[in-house]
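Hi,

Here is the structure I promised to send over. Have a look at it first, and then read on for what turned up.

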Amino acid sequence: MEVLDIILQYPMISGAIFICTTTWLYFYFICGVCKSKARMDGKTVIITGCNTGIGKAVAFDLARRGARVIMACRNMEKANLVRDRIIESTKNTSVVVRLLDVSLLSSVRKFAEEINRTERRLDVLIYNAGMTIDGRNVTKEGLQLVWATNHYGSFLLTHLLIDLLKKTGNSRVIVVSSSLHKLGWVDPKNPNPVEETSGWNLYVTTKFANVIFANELARRLEGTGVTVNSLHPGLIYTNIFNPCSSWFHILLTVFKPYTKNEEQGAQTTIYLAVSEDVQGVSGKYFSDCKEDSPARETLDVGLAKKFWEASIEVVQLKSSDPHI
């Protein structure tokens, strides 16, 4: 009776607790579980930024399914430690680490050259690497750091690996975005905003860029046997937000009980990589292992084409490079 008395005495607080508890249970037990048992034996997967967070969880899962997993990472020491744990856990020895700093176009080119020289196939290419940071941050190549990491490295790498993807056939490109893309926008007239200092603005605009890039890439690759989809992994408190301001960490801490863990956040990426349900599906946006609606502006074909051309200029695509 004491519990009932408290509920009756404080109905608003009790109602809030009930709603929060229900929401947590929903996210924890229902949202976005990849139920596919598909094996990946004989298939090669590249995952960028997978020595921590959801990328690491994806690497573990795909290794368990028998895939050859290429961990494309900047921090080789951390990546090698994770690789060793994956091999020990999954008994899959076909897990390798390759150096890739997606924020540097020179590193992207070196990585692509090695992959094209050593790999005979590429079945799944997962763009998982991402970051944000406050302040004015420009790479030594003159690119805004967050934009270079979250978009331009992937844009260039796609061009450099497209022939291998096409040759493999039935291959998949997966772009990890965020529902926060709905708060962003891209300006083809200012594709390299080096003066922007807000980590929040940089994050939401690059996540918008992820979706519009995936949509335009899917249109350009229609009929080639290569599919492209983007996704929202869910609200996850990972180290991607470490460089953010204190107020942002306070906000995330408040909502942490209602966020997904890394394994839960990896489910939609895994689903798009392995599920038979999305074979041949391209140009879509997913959340919780099902198709979702992206921001209406990401479907603007005219904007996508302008932004694509602007991106070509930023990454300085050469005439000798593959074009899409």
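A word on terms before anything else: a cavity here is a set of grid points where a 1.4 Å probe fits but cannot get out. Keep in mind, too, that this is a predicted model.

With that in hand, the whole structure has one cavity of 30 Å³ or more, and about 40 Å³ of space lies in it. Its lining is made up of Arg 172, Val 173, Ile 174, Thr 227, Val 228, Asn 229, Leu 272, Val 278 and Val 281. By class, that is six nonpolar residues, two polar and one charged. Strand 5 (171–176) and strand 6 (226–232) each give at least two residues to this lining. These two strands pair in the parallel sense over six bridges, and Val 173 has Val 228 in strand 6 as its bridge partner.

Now the sheet. Eight strands make an open, mixed sheet in the order 3-2-1-4-5-6-7-8. Strand 3 (95–99) and strand 8 (290–292) each have a single partner strand, so one side of each has no neighbour in the sheet. On average, neighbouring strands are turned by 25 degrees against each other, direction ignored. Helix 4 (residues 76–90) lies across strand 2 (68–73) and strand 3, at about 170 degrees to strand 3.

Lastly, the second largest pocket holds about 150 Å³ of space. Among its lining residues are Trp 147, Trp 185, Asp 187 and Glu 196. Helix 7 (residues 199–220) supplies the largest share of that lining, three residues. The classes there are five nonpolar, three polar and two charged.

Cheers

Conventions
Residues are numbered from 1 along each chain as its sequence is written. This is a predicted model: local features need pLDDT of at least 70, side-chain atom pairs count only at pLDDT 80 or more; totals for chains, interfaces and linings use all residues. Side-chain values use heavy atoms; hydrogens and water are left out. On a 1 Å grid over the protein atoms alone, a cavity is a set of points where a 1.4 Å probe fits but cannot get out, and a pocket is an open set with protein on both sides within 12 Å along at least five of seven lines; lining residues have an atom within 4 Å of a point. Grid points are joined across faces, edges and corners, and a volume is the space filled by probe spheres set on the points. Helices (H or I, at least four residues) and strands (E, at least two) are DSSP runs, numbered from the N terminus. Ala, Val, Leu, Ile, Met, Phe, Trp, Tyr, Cys and Pro count as nonpolar, Asp, Glu, Lys and Arg as charged, and the others, Gly among them, as polar. Two strands pair if DSSP finds at least two bridges between them. Axes are lines fitted to C-alpha atoms, for helices over the stretch in contact, and angles run from 0 to 180 degrees between N-to-C directions. Contact means heavy atoms within 4.5 Å.
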